[in-house]
Amino acid sequence: MDRVRIGIVGTGNIAQLNVRGYLQHPQCDVVAVCDPRREVAEASARAWSVPNVYDKLDDLLADDEIDAVEILTPTNLHHAHVLAAARAGKHVSCQKPIGNSVAEGREMVAACADAGVVFRVSECCFHYPPLVKAKELVADGAIGTPSMIRIKTLVGDTDSEFQRGLQPEGYVWRFNEQSPGGHLFDDMAHKYALALWLTDDDIRSVQAVVRKAPLFFEAPMAAIFEYGRDDLVGTMEVAYAPKMYIRSKYYGAEEFFEIQGDAGLVKVNRCIGEMTDESPLILYRGDGVAETFSKVDSDWGEGFVRSSRHFVDALLEGRTDPEMSGDLAIKALQLCFAVYEASNTRAPAVPADITGSVSPPWWPKTPEELMDDVKKLGLI
């Protein structure tokens, strides 16, 4: 293969970020878009100069001019769409989370393997430059042997052009029974994957407390991860602060990452937002010297660009295991459900034992509860 001809399935809120890397790649052609909302698909095709528009997935998959698809549809549709793409012989990149259950994820991985097509789950954070550099430093021994990983997510408010332009209908399925959980399922899928990826260690046990918050948020949340080796532990925190402004070009949120070793510390001080003026990446070396990486590109959108490029490059080079693999995506999903289970049962949960799905006891909220949340937040 000397060029990749790709079709974009789903032109919702996140598509504008995922498609950039495909449009910019010199050996990739975005040849089609598909969305059941014909007018939305046509508008996206005009904006991206894409020649073909479909409003039915089967029609796009029947197009012999398409080598691969990027599936950006709601999570509850991933299973059916990936299986259909595999049957059609298309290579597949699928938005996170992989699916609504572990069983669905396993069927998707198996279907692509049986069809002989490449399957990966799109994970922008695996290609976000400060996190890529942090992982490289850890792997090179810059902090010695890692002993502690800390991941914090803060959700607040912002007034970015990106957030103002989001399609409200793109959130409906995130608030109801079409999703097994709220923010901890949808957004935190990124962070669960990072908890596994940063040091390439599996998590064997989870303890967690998850509280109910307004809308689809589940906060405050605190979790403790026991990794495969006894001398590595992780913590994860989620806080919701709707009255706190966060400087951002994207969503009103920010993340912080720390990897502590026996000979140093690596800190990533931003991801989605630009909350602080600190260097996006700092290495505190064992000799007491702090090394800053101020020139590393810290635009969150760059992770999407590089993720899409990575998928194209993998296909061009004949690689069958582009990041993130289906198997790793399933482990991230099991970790998500283990957090819910540990909080629900007030007992440690084993991610590897989860084969279906787990939800918070209050999920999903009723329309009346959601309306009360909207009123309390002063949104109407």
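**Exercise 1. Describe how strand β1 and strand β4 pair, then place them in their sheet.**

Step 1. Strand β1 (residues 4-9) and strand β4 (residues 68-71) run parallel and share four bridges. Strands here are DSSP E runs of at least two residues, helices are H or I runs of at least four, and both are numbered from the N terminus. Two strands pair if DSSP finds at least two bridges between them.

Step 2. Ile6 has Ala68 in β4 as its bridge partner.

Step 3. The open sheet has six strands, ordered β3-β2-β1-β4-β5-β6, with parallel pairing. β3 (52-54) and β6 (119-122) have a single partner strand each, so one side of each lacks a neighbour in the sheet. The twist averages 25° from one strand to the next.

The model is predicted: local features need pLDDT of at least 70, side-chain atom pairs need 80 or more, and totals for chains, interfaces and linings use all residues. Residues count from 1 along each chain as its sequence is written, and side-chain values use heavy atoms, without hydrogens and water.

**Exercise 2. Locate His310 and decide: buried or exposed?**

Step 1. His310 sits in helix α10 (residues 300-317).

Step 2. His310 counts as buried because its relative accessibility is 18%. The cut-offs are under 20% relative accessible area for buried, over 50% for exposed, and partly exposed in between (1.4 Å probe, protein chains only).

Step 3. Beyond neighbours within four places in sequence, His310 contacts Arg120, His127, Arg319, Pro322 and Glu323. Contact means heavy atoms within 4.5 Å.

**Exercise 3. Describe the pairing of β11 and β12.**

Step 1. Strand β11 (residues 253-261) pairs with strand β12 (residues 264-268) in the antiparallel sense, over five bridges.

Step 2. Gln260 stands opposite Leu265 in β12.

Key: Axes fitted to C-alpha atoms, helices over the stretch in contact; angles between N-to-C directions.
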